[in-house]
Each structure stands twice: as C-alpha cells, then as structure tokens.
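Take a moment to turn the model around and find your bearings. Then let us walk through it together, one region at a time.

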Amino acid sequence: MDPFVVVGGDAAGLSAASKCRRESDREVIVFEKGQWISYAHCGTPYFVEGSVDRLTDLLSLSPAEAEARGIDLRRGHEVVSVDAEDRTVTVRADGERFEQPYAELLVATGASAAAGPFDRSLDGVFSLHGLDDAAAIDAYLAAPDDYDPARLGDGPVDRDRVDHNAALEPPERAAIVGGGYVGVEMAEALSARGVDVHLYQRSAHLLTPFGAAVGERVESTLRDHGVTVHTDTEVDALVGDERVAALRIDGDERPVDVAILGVGIRPNTALLDGTGVDRGPSGAIKTDDYGRTSLPAVYAAGDVATARHAVTGAETWVPLGLTANRAGRAIGSTVAGDPTPVGDVAGTAVVKAFDLECGRVGLVDESAAADAGFDPVSETITAGSRSGYYPGNEETTVTLVADRTTGRTLGGSIVGRDRAAVRIDTLATAIEADLTVAELERLDLAYAPPFSPVWDPVLVAAKVVNGQLSE
C-alpha cells in the first residue's frame, strides 16, 4: 500500500503524521531536509534572553519519540520535486536521489525569514527563524570566555556556526530592523543581555496589525526600558567589511555591531513550482476547507498554506503556530479516513513587550473592514483589570470593531499589564461564534475582585460600541 508522505518535520507535518498513525495503520513517511524537528519557534527569543536554560528545552518531540509512534522519520532527506500525475516525489539524501511513491502527500515546508535588501553574509547580521539562528545569536552575544556550550543541550545544532560566533567579541549596540513580533520580542531579549538596543520601524507604529492604541503603548514601554525606538524610519542598507559596522539611513551611517532582521517571512513553496498548483495571498499554496490543494491527493498545511478568514470568509495567509498544528492534525485525521475540516483563522495573536501584554484578533483596522464590505464602528476604551480596590489593578485598553449594519463583532485588540493578553480569547470566541456586540455584552463572564471588575474590560468595550450602534 502506498504511504502517506509528509514533507516537513515541524508543527504541521508531525501533527499530521502523528494523528494519521494514531487513527490508522497507514504507513507514514516524513521527509525533513534538516536535522531539527518539532520545535517551539516562538520560544527562541526567550532562549536568547536567557529565560530558557537550554536550546533543546524548545523541542516538542524527539526523533525517537516520533519513531515510537510508528512514523518513518527520515532527517537529512530533501524532497526536490513532486510529480502529481505519477504521485511520486524525488528525494535527495547523502548525495543520491530516489523516487518515493505516495497515496497522499502533505506539503508542510513552512516559511523562511525574508532578508529584504540586506546583506546577511556579514558577521553580526541575523534573522531569527529556527534553532540554529537562536544558537548563533546566543553565542555572538556572549564574551568568548563566558560562553557556555552547555546552553545548547544535546541537539543537532550547527556547531561550526556557533563556534564561529562565540569566538567574536560581543556587541555593544544593536539595531533591530522591523517592529513586528520578532522585533519587539528581540528588543526585550537583547536588553536583558546588556546591549544598547535601537529598533527601527518604517511605519508610524510598532506591531501594525495590532492597531495604533497597542503600538503607542508598546513604544512607550520599550522606551521606559531603555530601548530607542525609531518609527517612520526606513533602513536602506547594512554596512561593513566582514562584520556589520553601521546602518545606512538617508545617506547617514549609524554605528552598530549586531543587526537583527525582522522584516517578514515568505512561504516555502518552491517544491511545487512547475506543478500548476493554485496560489493564494503572498504566494502561499491555496487550500480548501480540508487542506487539499488543486493537485490530486496533495495537501498543504502550516506556514506554506492559505486558510479561510473567520470574519471575511476570504482566503488569507496567517503563519502562526496554532494554525499549523491544528491544520496538520485535521489533515492527519482526513487521510486516516475521518474527513476533518482544518478550521477558519481569525489572526488571533499575542505578544509581550517587557511587562506589557498585547493581543489582537479579526479585523482591527477600520479601512481593512471597509474594504471587506463592512460598515465598521470602532471604539477604544480603558478600564481596570481588577476591582479598583484590589492590589494589582492595571489599566487595560480595548479596541473593539463591529459592523454597523449587522452588529456583528469583527475584531479587536487589547493591551495592558495584568492578564490583558488572555482576554483576547473572549473576542476570538465571539468572532468564531458570529456573536453580535449586543450578544458579547451579555456574556456571563466570571467576576471576583482578584481577577476582574464586575464589568470586564471586554464587556465595557462591548457596551460602548453597542451604544454607538444604537444611535
């Protein structure tokens, strides 16, 4: 019997493989071109910061555990082409090539960090997209005599790259290019390592998808913690001979000795080039409700694939961890014989900036909501996180967006210092359930002084927006 073949051994790929093996006796082969599998990419800034003791603490599933589940895991095997008509893939390993037939194929090749116009060959220039990147940055930040190789654990790290960076003198001044998730998290991480941090963002606010209210508070918090924030500033180039020495901005050069590039990611779709597969936003592989591509018996999931937006119903590309794990698991069930939808996405995301918590979901930008055909109403409120008399009460700012015509909840953002981020899950649930703002206002949320005021900040926002809709 031809196997279920998976290309990519991280979140989506191994979720699918594990689920298929759990629910069937199908042969499952996973090809991974690298050596790392199933790791917590989102934890890498916290390893660099020092909050995570060892690199291998970020592993979710070891090769031995994968094989114990009955998965035929083949690391160091790169799938270089797909023949959708013959249902075979060509695999390169140990300098040789071979063909592997499949009954169903899952492409879970993830995404890669974009470099923009910048030269990543210079010492001191890094992207953060994988455990080897995290290990190299960690080594570069330490003085040669202080670097502790035990931080790596016993995983398949690129030791030559680590040794090269560990031998260099540590940096004193950092430039982070890009004010998204990676930029904000790495600003905190580098500050914890004693580096003078400058963060450059070409737009007016950091964390643009979270909206202006969040961006403004994040900028203020970063500055309070010693980070120099440069908004409306575009970096033109990185300058240096062998090691980065400066940024070039509008003809001026600003000295730095480490640069972290957080200028976005792109889906790894090259494997399906030439197959005629349908593409979606950002060039990601277009998939249907079950993760199927336009090619027969070929699925795609994770950062390489599109999904349906829970608010607009349109195809979108949201490369986030839960999206990948959930879609992979659903495809594994489908291949095992239990057709399971991969589910819609709402872009639910949270991020931490020192002691500030931020969350967003759905359509936060009014222009984007209008472009999607809605008549948006948006209000921003600030309320206490707990009863005012109880210790630990903090200001929590909520932006809520609704459709004037239907009253439907479209999206929102939250920022604050006291359990603000987890409150975004209330809005995510409201969106998934197609609740109106009036229905959101009537939710019976829990109340006790140590946890929330009588009117949770989310309910306060719903009251205010509902009032606008009633006018």
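Let us begin with an open sheet in this predicted model, built from five strands in the order β3-β2-β1-β7-β18 with parallel pairing. Its edges are β3 (72-75) and β18 (298-300); each has a single partner strand, so one side of each is left without a neighbour in the sheet. On average, and with direction ignored, neighbouring strands here are turned by 15 degrees against each other. What holds such strands side by side? Strands of a sheet pair through backbone hydrogen bonds, either parallel or antiparallel.

Now look at strand β1, residues 4-7. Four bridges join β1 to strand β2 (residues 28-32), and the two run parallel; across this pairing, Val 5 stands opposite Ile 29. β1 also pairs with strand β7 (residues 104-107), again in the parallel sense and over four bridges, with Val 107 as the bridge partner of Val 7. Are the faces of β1 covered or open? Both are covered: Phe 4 and Val 6 on one side, and Val 5 and Val 7 on the other, are all buried. Moving on from β7, you reach β18, which pairs with β7 in the parallel sense over three bridges. There, Leu 106 faces Tyr 299 in β18.

Two helices accompany this sheet. Helix α1 lies across β1, β2 and β7, and runs at about 165 degrees to β2. Helix α8 packs on the sheet as well, touching β1, β7 and β18, and its direction makes about 160 degrees with that of β18. How do α1 and α8 sit relative to one another? The axes of α1 (residues 11-23) and α8 (residues 321-335) come within 7 Å and cross at roughly 30 degrees, and the crossing is right-handed. Where they meet, α1 contributes residues including Ala 12, Ser 15, Lys 19 and Glu 23, while α8 contributes residues including Asn 325, Gly 328, Arg 329 and Val 335.

Next, find helix α4, residues 131-141. Ten of its eleven residues are buried, so α4 is largely enclosed by the rest of the structure. Among the buried ones are Leu 131, Asp 133, Ile 137, Asp 138, Tyr 140 and Leu 141. What surrounds them? The buried residues of α4 pack against α2 (44-49), β9 (125-127), α5 (159-166), α6 (181-192) and β16 (258-261).

Strand β16 gives us a good residue to pause at, Ile 260. With a relative accessibility of 0%, Ile 260 counts as buried. Leaving aside residues up to four places away in sequence, Ile 260 touches Phe 126, Ile 137, Ala 175, Ile 176, Val 177, Met 186 and Leu 190. Ile 137 takes us back to α4, as one of the buried residues of that helix. Take Val 177 as another example: Ile 260 and Val 177 are 83 residues apart in sequence, yet 6.2 Å apart in space, C-alpha to C-alpha.

Further along the chain there is another open sheet, whose five strands follow the order β21-β22-β25-β24-β23 with antiparallel pairing. At the edges stand β21 (349-353) and β23 (376-384), each with a single partner strand, so one side of each is left without a neighbour in the sheet. From one strand to the next, the twist averages 15 degrees. Within this sheet, β22 (residues 356-362) and β25 (residues 409-416) run antiparallel and are joined by six bridges; Gly 359 has Ile 414 in β25 as its bridge partner. Helix α7 (residues 212-224) packs on the sheet and touches β21, β22, β23, β24 (395-403) and β25, its direction making about 15 degrees with that of β25. Helix α12 (residues 457-470) packs on the sheet too, touching β23, β24 and β25, with its direction at about 145 degrees to that of β23.

Finally, step back to see the whole. The protein has twelve helices and 25 strands, and its C-alpha trace spans about 70 × 55 × 40 Å along the principal axes. How does its radius of gyration fit with that of a compact globule? For 471 residues such a globule would have a radius near 23 Å, and the protein has 23 Å, which agrees. Of these residues, 53% count as buried. Among contacts with a separation of 6 or more, 63% come from residues 24 or more positions apart. The protein exposes about 19,800 Å², and carbon and sulfur atoms supply 45% of that area.

Conventions
Residues are numbered from 1 along each chain as its sequence is written. This is a predicted model: local features need pLDDT of at least 70, side-chain atom pairs count only at pLDDT 80 or more; totals for chains, interfaces and linings use all residues. Side-chain values use heavy atoms; hydrogens and water are left out. Two strands pair if DSSP finds at least two bridges between them. Axes are lines fitted to C-alpha atoms, for helices over the stretch in contact, and angles run from 0 to 180 degrees between N-to-C directions. Contact means heavy atoms within 4.5 Å. The radius of gyration is taken over C-alpha atoms; the globule rule is 2.2 Å times the number of residues to the power 0.38. Buried means under 20% relative accessible area, exposed over 50%, partly exposed in between (1.4 Å probe, protein chains only). Accessible areas come from the Shrake-Rupley method with a 1.4 Å probe; for residues, only the protein chains shown count as cover. A crossing is left-handed if the near helix is turned anticlockwise from the far one by less than a right angle, and right-handed if clockwise.
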